[in-house]
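The exercises below invite a reader to work through one protein model. Each task is followed by a solution in steps.

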Amino acid sequence: MNTIMRKSVLSVAGLAFVGGVFAGPIAHVANQADTKPAAVAVQADKPDISKLIPHGTQGEQSHITLNDEQTANVKAIIAATKKAGLPERAAVISIATSLQESKLENLGHLGDMNDHDSLGLFQQRPSSGWGTPEQITDPEYSTTAFLKGLKQVDGWQDMPLTVAAQTVQVSAYPDAYAQWEQQAADLVAQYWNS
């Protein structure tokens, strides 16, 4: 973009262009009689990223594009977390766990591809006491069951995500949860206050 065009675009946006560098907002001087109060959009505060990922992410991060069902499941996990009176970090751990276990899909019995009798968002097992198949495939119930397990882990709030999730899930691949921490935090930041 040439310099004149850039200056025009920046001035429309209320920014100054000084010697090839962007400067902050341009102070507009206007006649007080001609000014009208500007409408300001107020956005709910997003959760503090330092509370969502207090230990930083561990290792390579994965990301998937979510469809409407997966997004609805994210919102259900967040709603269940709020209903349980737990902070945003619990939602991050829950969403990252579900991303690893089911890619946020509420999975029924998968036949030969099924891992034992694992079902739902968290791949919980009726035979291990998580609930009935109907309960486990209910997003609110399965999230509440996961959170109940999380609350029983002493110090979960201060643990790395992998340790907290693994203590509840007892997975054969405990480090796999870490790859979803950034996307889980981004989803909580996006939907916690919506």
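The exercises start from the overall fold and then turn to individual elements and residues. The model is a predicted one.

**Exercise 1. The overall architecture**

Task: Determine how many helices and strands the protein has, and in which order its elements run.

Solution.
Step 1. Eight helices and two strands make up the secondary structure.
Step 2. Read from the N terminus, the order is α-β-β-α-α-α-α-α-α-α.
Step 3. The protein has 194 residues, of which 38% are buried.
Step 4. Among contacts with a separation of 6 or more, 59% are between residues 24 or more positions apart.

**Exercise 2. The surroundings of helix 8**

Task: Establish which residues of helix 8 are buried and which helices they pack against.

Solution.
Step 1. A residue is counted as buried when its relative accessible area is under 20%.
Step 2. In helix 8, this applies to E181, Q183, A184, A185, L187, V188, A189 and Y191.
Step 3. Helix 8 covers residues 181-191, and eight of its eleven residues are buried, so the helix is largely enclosed by the rest of the structure.
Step 4. The partners of these buried residues are helix 2 (49-52), helix 3 (68-83), helix 4 (88-102) and helix 7 (161-169).

**Exercise 3. Two salt bridges**

Task: Locate the two salt bridges of the structure and state whether E181 is buried or exposed.

Solution.
Step 1. One salt bridge joins E181 to R89, with 2.8 Å between the closest N and O atoms.
Step 2. This pair links distant parts of the chain, since E181 lies in helix 8 and R89 in helix 4, 92 residues apart.
Step 3. E181 has a relative accessible area of 1% and is therefore buried. R89, at 5% relative accessibility, also counts as buried.
Step 4. E140 forms a salt bridge with K83, and here too the closest N and O atoms are 2.8 Å apart.
Step 5. The pair again connects distant parts of the chain: E140 belongs to helix 6 (residues 139-151) and K83 to helix 3, with their positions 57 residues apart.
Step 6. E140 is partly exposed because its relative accessibility is 38%, while K83 counts as exposed at 67%.

**Exercise 4. The largest nonpolar core**

Task: Find which residues have the most contacts inside the largest nonpolar core and which helix gives the most to this core.

Solution.
Step 1. In soluble globular proteins, nonpolar side chains tend to be buried together.
Step 2. The largest nonpolar core contains 41 residues, and V74, I93, I95, L104, L150 and W156 have the most contacts inside it.
Step 3. At least two residues of this core come from each of helix 3, helix 4, helix 6, helix 7 and helix 8.
Step 4. The greatest contribution is that of helix 4, with seven residues.
Step 5. I95 serves as an example: apart from neighbours within four places in sequence, I95 contacts V74, I77, I78, L104, A184, L187 and V188.

**Exercise 5. Helix 3 against helix 4**

Task: Describe how helix 3 and helix 4 cross and which residues make the contact.

Solution.
Step 1. The two helix axes come within 9 Å and cross at roughly 145°.
Step 2. The crossing of helix 3 with helix 4 is right-handed.
Step 3. Helix 3 contributes V74, I77, I78 and T81 to the contact, and helix 4 contributes A90, A91, S94, I95 and S98.
Step 4. Six of these contact residues are nonpolar, three are polar and none is charged.

**Exercise 6. Positive phi and a buried isoleucine**

Task: State where K103 and V170 are found and what I136 touches.

Solution.
Step 1. Most residues other than glycine have a negative phi.
Step 2. K103, although not a glycine, has a positive phi of about 55°. K103 is in the loop between helix 4 and helix 5 (133-136) and is partly exposed, with a relative accessible area of 33%.
Step 3. V170, likewise not a glycine, has a positive phi of about 55°. V170 lies in the loop between helix 7 and helix 8 and counts as exposed at 64% relative accessibility.
Step 4. I136 is in helix 5 and is buried, with a relative accessible area of 0%.
Step 5. Not counting residues up to four places away in sequence, I136 touches ten residues' worth of listed partners, including N106, L119, W130 and Y141.
Step 6. I136 and N106 are 30 residues apart in sequence, and their C-alpha atoms are 9.1 Å apart.

Methods
Residues numbered from 1 in each chain as written. Predicted model: local features only at pLDDT ≥ 70, side-chain atom pairs only at ≥ 80, totals over all residues. Heavy atoms only, no water. Buried < 20%, exposed > 50% of the residue type's maximum accessible area, 1.4 Å probe, protein only. Helix = DSSP H or I, 4+ residues; strand = E, 2+ residues; numbered from the N terminus. Contact = heavy atoms within 4.5 Å. Salt bridge = Lys/Arg side-chain N within 4 Å of Asp/Glu carboxyl O. Core = buried A, V, L, I, M, F, W, Y, C linked by side-chain atoms within 4.5 Å. Axes fitted to C-alpha atoms, helices over the stretch in contact; angles between N-to-C directions. Left-handed = near helix turned anticlockwise from the far one by under 90°. Nonpolar A, V, L, I, M, F, W, Y, C, P; charged D, E, K, R; others polar.
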